[in-house]
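Here's a walk through one protein model, written for someone who thinks at the bench. Take a look at the fold first, and then we'll go through it piece by piece.

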Amino acid sequence: MTERVPGRAWTVRITGHSDRSATVSCTTPACRMPPRSKDIAALRAFAARHAAAHAKAATVRPNAWCHCGSQHCAAHPDTATHCAGAVLLILRHDPTVGRVWSIEEVCETCAPLLPNVTLLARAAQPRRTARPATEQPPPQGPAAGPGIPGGFSSPAAGPGEDRPAPARRSRRALQHSRRRRSGQNR
């Protein structure tokens with residue numbers, strides 16, 4: 001699945017009416033909603049649970065386009081950016097208004113720019129296939145002795161010799177000793 005697909009979005013909305021009742025709607029036509037009611041608190045609780053159910057059922061697709069980008073990034077018009085990064089599943093809900101819950105697949109770049117966002121999930125990284133057992137690893141160069149990482153060898157010590165490595169001198173000490181020697185030869 002390398003072909004890009006449009007980012008999905010689900011929106012659950014509470015709509016008020018003039019008789020002080022409200023209805024809950026969802027952008028998914030197959031979802032069953034409760035009837036119109038004057039119990040706004042119950043409708044709000046239903047809407048939150050319904051949005052959570054959509055988020056729980058959704059699997060973030062790593063090959064999805066950013067839904068925000070498909071809307072021309074209208075949710076963050078003051079910030080010029082290009083969609084990039086991994087796909088995230090987010091919940092957008094402003095608790096002060098409390099009427100709309102949106103679950104969207106967006107990119108890592110747009111997600112922090114959107115107001116009132118909660119990160120729900122991140123797309124799984126594609127699995128890297130293991131090398132088949134019949135395939136040989138690439139050659140590492142000359143054979144390395146025991147205790148030496150593959151591809152490296154030490155010219156000072158042969159295999160099996162237990163000579164300590166020479167002490168390393170810092171670059172500053174080396175420059176200092178060169179200056180001293182050049183001053184003594186004058």
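A word on burial before anything else: a residue is called buried when its relative accessible area is under 20%, exposed when over 50%, and partly exposed in between, using a 1.4 Å probe and protein chains only. Keep in mind that this is a predicted model, where local features need pLDDT of at least 70, side-chain atom pairs count only at pLDDT 80 or more, and totals for chains, interfaces and linings use all residues. Residues are numbered from 1 along each chain as its sequence is written, and side-chain values use heavy atoms, with hydrogens and water left out.

**The overall picture**

The protein has three helices and five strands, and reading along the sequence gives β-β-α-α-β-β-β-α. Those elements are DSSP runs numbered from the N terminus, with helices being H or I of at least four residues and strands being E of at least two. Of the 186 residues, 22% count as buried. The accessible surface is about 13900 Å², and carbon and sulfur atoms own 54% of that; the areas come from the Shrake-Rupley method with a 1.4 Å probe, and for residues only the protein chains shown count as cover. A contact here means heavy atoms within 4.5 Å. Taking contacts between residues at least 6 apart in sequence, 54% join residues at least 24 apart.

**Strands 3, 4 and 5**

Strands count as paired if DSSP finds at least two bridges between them. Strand 3 (residues 87-93) pairs with strand 4 (residues 100-107) in the antiparallel sense, over seven bridges. His93 has Trp101 of strand 4 as its bridge partner. The hairpin of these two strands has six residues between them, and in it Gly98 takes a positive phi near 65 degrees. Strand 3 is also joined to strand 5 (residues 117-122), antiparallel again, by five bridges. There, Leu88 stands opposite Arg122.

**The cores**

A nonpolar core is a set of buried Ala, Val, Leu, Ile, Met, Phe, Trp, Tyr and Cys residues joined through side-chain atoms within 4.5 Å. The largest one has 18 residues, and Val12, Ile14, Val24, Ala47, Leu89, Trp101 and Ile103 touch the most other members. Strand 1 (9-16), strand 2 (22-26), helix 1 (40-57), strand 3 and strand 4 each give two or more residues to this core. Helix 1 gives the most, with four residues. Ala47 touches Val12, Ile14, Val24 and Trp101, leaving out residues up to four places away in sequence. A second, separate core of ten residues includes Cys68, Ile90, Cys107 and Ala111.

Ala48 also lies in helix 1, but counts as partly exposed at 33% relative accessibility. Its C-alpha atom is 8.2 Å from that of Val12, which is 36 residues away along the chain.

**The cysteines**

How many disulfides does the structure hold? Zero, with a disulfide being a pair of cysteine sulfur atoms within 2.5 Å. Cys68 goes unbonded because its closest cysteine sulfur, in Cys110, is 3.9 Å away, too far for a bond. Cys107 is in no disulfide either, and its nearest cysteine sulfur, again that of Cys110, is 3.7 Å away.

Cys73 sits in the loop between helix 2 (67-70) and strand 3. Leaving aside neighbours within four places in sequence, Cys73 is in contact with Cys68, Cys83 and Cys110. The C-alpha atoms of Cys73 and Cys110 are 7.8 Å apart, with their positions 37 residues apart along the chain. Cys73 isn't a glycine, yet its phi is positive, near 50 degrees.

Here is how buried three of these cysteines are:

| Residue | Relative accessibility | Class |
|---|---|---|
| Cys68 | 4% | buried |
| Cys107 | 5% | buried |
| Cys73 | 13% | buried |

**The loop between strands 1 and 2**

Two residues are worth a look here. Ser21 lies in the loop between strand 1 and strand 2. Is Ser21 buried or exposed? Ser21 is buried, because its relative accessible area is 4%. Apart from neighbours within four places in sequence, Ser21 is in contact with Thr15, Gly16, Arg36, Ser37, Lys38 and Ile40.

Arg20 lies in that loop between strand 1 and strand 2 too, but counts as exposed, at 72% relative accessibility. Arg20 has a positive phi of about 65 degrees although it is not a glycine.
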